[in-house]
Structure formats: structure tokens, C-alpha cells
Amino acid sequence: MKLKNQKELFQLPEDIHYLNGAYMSPLLRSVEEAGITALIKKRNPTQITPADFFSDAEILRKNFGKLVNCPAEQVAIIPSASYGLTSAIQNLPKDNGTNALVVSDEFPSGYYAIEKWCQNNDKHLKVIKAPESMVGRGQEWNKQIIDSINDDTAVILMSSIHWTDGTLFDLKAIGKKCKAHNALFIVDGTQSVGALAIDVVSCQIDALVCAGYKWLMGPYSIGLAYYSEFLNNGSPLEESWMNRSNAQKFSSLTKYVDDYSIGAGRYNMGEFSNFNLLPMLNAAIEQILKWDPSNIQSYCDQLSQPLVRYLNDNGFWVEVDDYRAKHLFGIVLPEGVDSQLALQKFEENRIFVSVRGKAIRISMHLFNTDKDIASLIRVLKGILTEKR
Ligand SMILES: Cc1ncc(COP(=O)(O)O)c(C=O)c1O
């Protein structure tokens, strides 16, 4: 299925070019409506029943499971990527290797957690640096990651695509190598899940953690994580009554029990039934399932082609097709072009992008049109003319 532009499902102002979904997605109309309805519902608490504490959460977990290919019970509702990553990291085995691996410039929510785990458990943290050369960079980086995994590797923690420049990582090959060496594989999916297909089974992922406000298109402060069965007996970060096996029996909660809800239920955040945010995230994921992430990638691929051609013909750096996510990618300006000037011109022309490290990060979705891309190319042309 080829998707057409879906701008009418959003309410972005007409006079901006929003190429910054990697910073934060705009809200779908349907998500906004779900939020407003949810807010009004609590005017009258009799409209919220004990069953409501659990039923919408089950639908959300099931829907996320459909997106990443796992059963609902292996999904947990989390407030942030840092929370979800720490839940996995603090349950890592301590006897399966002496090193933890990360890629360079990993997002701090994961980096700090794995750094602390290494300090507390006497492990070495090894950083697999991005290659210096920009030619064949994605391919070489992937090779180095795969070559670095060996019997000394306890765990590798990395983003599903690089969050600053959209480098595509070969998660299937990395997962396979991890399993061959008994290493755990933790993935921060925040910058791709929802816009790029992923399968936790074929990639042999042990934990896939996603903040919800970017490519899952939900509100801020709610996200989702998949934890493999390997983690089913771990310790959660908090002891919410809602994650115990008797939680649905409101009249006898103080008949305390030892056992948790099944699967990854123990890793749900306290008050996971969040009556405002949860229906919003669910509405967003239902829309994403209708679209299908592979169609979102194709749309972004087609939309970005004139831009990529322009960049390649005019001395900018952009990763080659095979190693570049199509919804999010970094570009590096030609030598001698002042990045401050570029940012100023973007601002003057109401083009919204981000600067992350060396790269100007451009990100797009079904709400973007060829007008957004044409404006970006026009401004880049102007910047090159000013340089001459
Ligand atoms: C790769 C990645 N992970 C996680 C986050 C957000 O982390 P947290 O939910 O811990 O604030 C971001 C935000 O930019 C990100 O780019």
C-alpha cells in the first residue's frame, strides 16, 4: 500500500515546515480528542470503574505488541526511556562477561544507566566509536559493532538507529552475534519504533524501550517497553500494588501476596492506568498500526529523494541509502559553510530541524509535504550562494 500525505489528520500551522518529529511529534487530531475526552471523564469519578484501571492498559500493551511482534504480557507501560532502560539494566546477569558495549554518542538516558551498572559491578564500558571517515561510515560502523561482540561481552546497549544522524544499525545481525556469545541486547527504540518496522523476535532483543512522544506519536511522560522472558523474574524499580497478582480485587488488597502480574507486568510504572495519557498513546498507536511503519518509511523515502539528490550533488554529507533511516537523518554542511548561518536561515524561513553533534538532523513523517522539502532545498541553495 502506498500512503498519501496525511496532513489533514494533524493541526500543524500552515506557515511552518516542521521537519523535527525526532524532537517531538505533533499530536494527531484523534489523539488530542482522546485526551480531551479522558480529561472530561474525571469530572465525574463514577465514570471511572475499578475495571478501567486495567482494561485500557491491556489494549495498549496488546497494540504495542502488534507493532514490535510480542505478546501483550511482555510489554510494560513506562514513564520515560530512562525508567525502562534502568529496569532492564538493573536486572542484567553479573556472570556472563566483563564488558558492556555502547556506540559513541549514545543517548544519555541509556548511557548513564549502563555506566553506573558497570561502576557498581566492576565491568568495563567500551564505546564503539563512529568511523572518522564519512565514506562507507554506516557500513563500517556496523561491522565494528558486530566484530566487538565476543565472549567477554555481558551486554550491548544501543539505539535502534543513531538518534543524532539516523544511521541504520543491523539489529538482526547484532542480535544474532549477541546470542552466539551469551550477551544481552538492550535497544532504545525511541527514535524509530512507530516509523520504522522492528521485530523483537527476529532481532533477538532482550529489552526494547521507547519513549512515547516521538515516533509513537503520543503525549509526553508515557512510553512502552518490551522485555523478553529472560527478564520475567527480575526486580522492578518500584513496588506498585497494581503489579501484584491480586491487584484487580480492590476489596482485599491488603491480603498481601508475593507474586507479580505475569510476564513483564512487574515493570509497569506505578499508576500505569494514567487516565489522561494512556488513551492518547493508544489512539496514536492504533493510527500507526493502520498506516503500518513500513508504509511510513516508503513515504519518507520518496519525499526525501529530491533532497538527498540535491545534497549529494552539492557537497553535503548524507549517509547512503542502505544505512540511512528515511524518517530521520543527519546532514553535514559542505566545508566552509557556517552552521550558525544555516540555523539563522532556517529560522527566518520557519523551517524546524535540530542540531545534534556535527549533524543537522532532519526528520519527517506523513504530515510533511514536498513543499517542506522544496523550502529546505531553497534555503540550502541560498546558504551556498552566500558562501561563494
Ligand atoms: C534515543 C533517545 N532515547 C530516549 C530519549 C528520551 O529519553 P527519556 O524518556 O529518558 O527522557 C530521547 C530523546 O530525545 C532519544 O532521542
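**Close-up views of a predicted model**

**View 1. Val-209 and its cross-strand partners.** Val-209 stands opposite Ala-225 in strand S8. The model is predicted. Strand S8 covers residues 223–227 and runs antiparallel to S7, with 5 bridges joining the two. Val-209 also has a partner in strand S6: Asp-188 is bridged to Val-209 of S7. Here the pairing sense is parallel, with 3 bridges between S7 and S6, residues 184–188.

**View 2. Burial along strand S7.** S7 spans residues 207–211 and is mostly covered, with 5 of its 5 residues buried. Both faces are covered. Ala-207, Val-209 and Ala-211 lie on one side, and Leu-208 and Cys-210 on the other. Val-209, the residue bridged to Asp-188 and set opposite Ala-225, is thus labelled here among the buried residues.

**View 3. The open sheet S9-S12-S11.** Three strands form an open sheet in the order S9-S12-S11, and their pairing is antiparallel. Strands S9 (328–331) and S11 (354–356) stand at the edges. Each has a single partner strand, so one side of each is left without a neighbour in the sheet. From one strand to the next, the twist averages 35°.

**View 4. The S9 and S12 pair.** S9 and strand S12, residues 359–363, run antiparallel and are joined by 4 bridges. Phe-329 is paired with Ile-362, its bridge partner in S12. In the sheet order, S12 sits between S9 and S11.

**View 5. Two domains of the protein chain.** Domain 1 comprises 7–19 + 293–387, and domain 2 comprises 35–290. Domain 1 is thus given as two segments, domain 2 as one. Their C-alpha centres lie 29 Å apart. The contact takes 19 residues from domain 1 and 18 residues from domain 2.

**View 6. The side of domain 1 that touches domain 2.** Helix H8 (293–313), S9 and S12 are the elements that give two or more residues to this side. H8 gives the most, with 4 residues. By class, the side has 9 nonpolar, 6 polar and 4 charged residues. Two of the contributing elements, S9 and S12, are the antiparallel strands joined by 4 bridges.

Note on methods
Residues are numbered from 1 along each chain as its sequence is written. This is a predicted model: local features need pLDDT of at least 70, side-chain atom pairs count only at pLDDT 80 or more; totals for chains, interfaces and linings use all residues. Two strands pair if DSSP finds at least two bridges between them. Axes are lines fitted to C-alpha atoms, for helices over the stretch in contact, and angles run from 0 to 180 degrees between N-to-C directions. A residue is buried if 20 or more other C-beta atoms lie within 10 Å of its own, exposed if 12 or fewer, and partly exposed in between; C-beta atoms are placed from the backbone. Domain bounds come from an automatic or database domain assignment. Two residues are in contact if their C-beta atoms, placed from the backbone, lie within 7 Å. Ala, Val, Leu, Ile, Met, Phe, Trp, Tyr, Cys and Pro count as nonpolar, Asp, Glu, Lys and Arg as charged, and the others, Gly among them, as polar.
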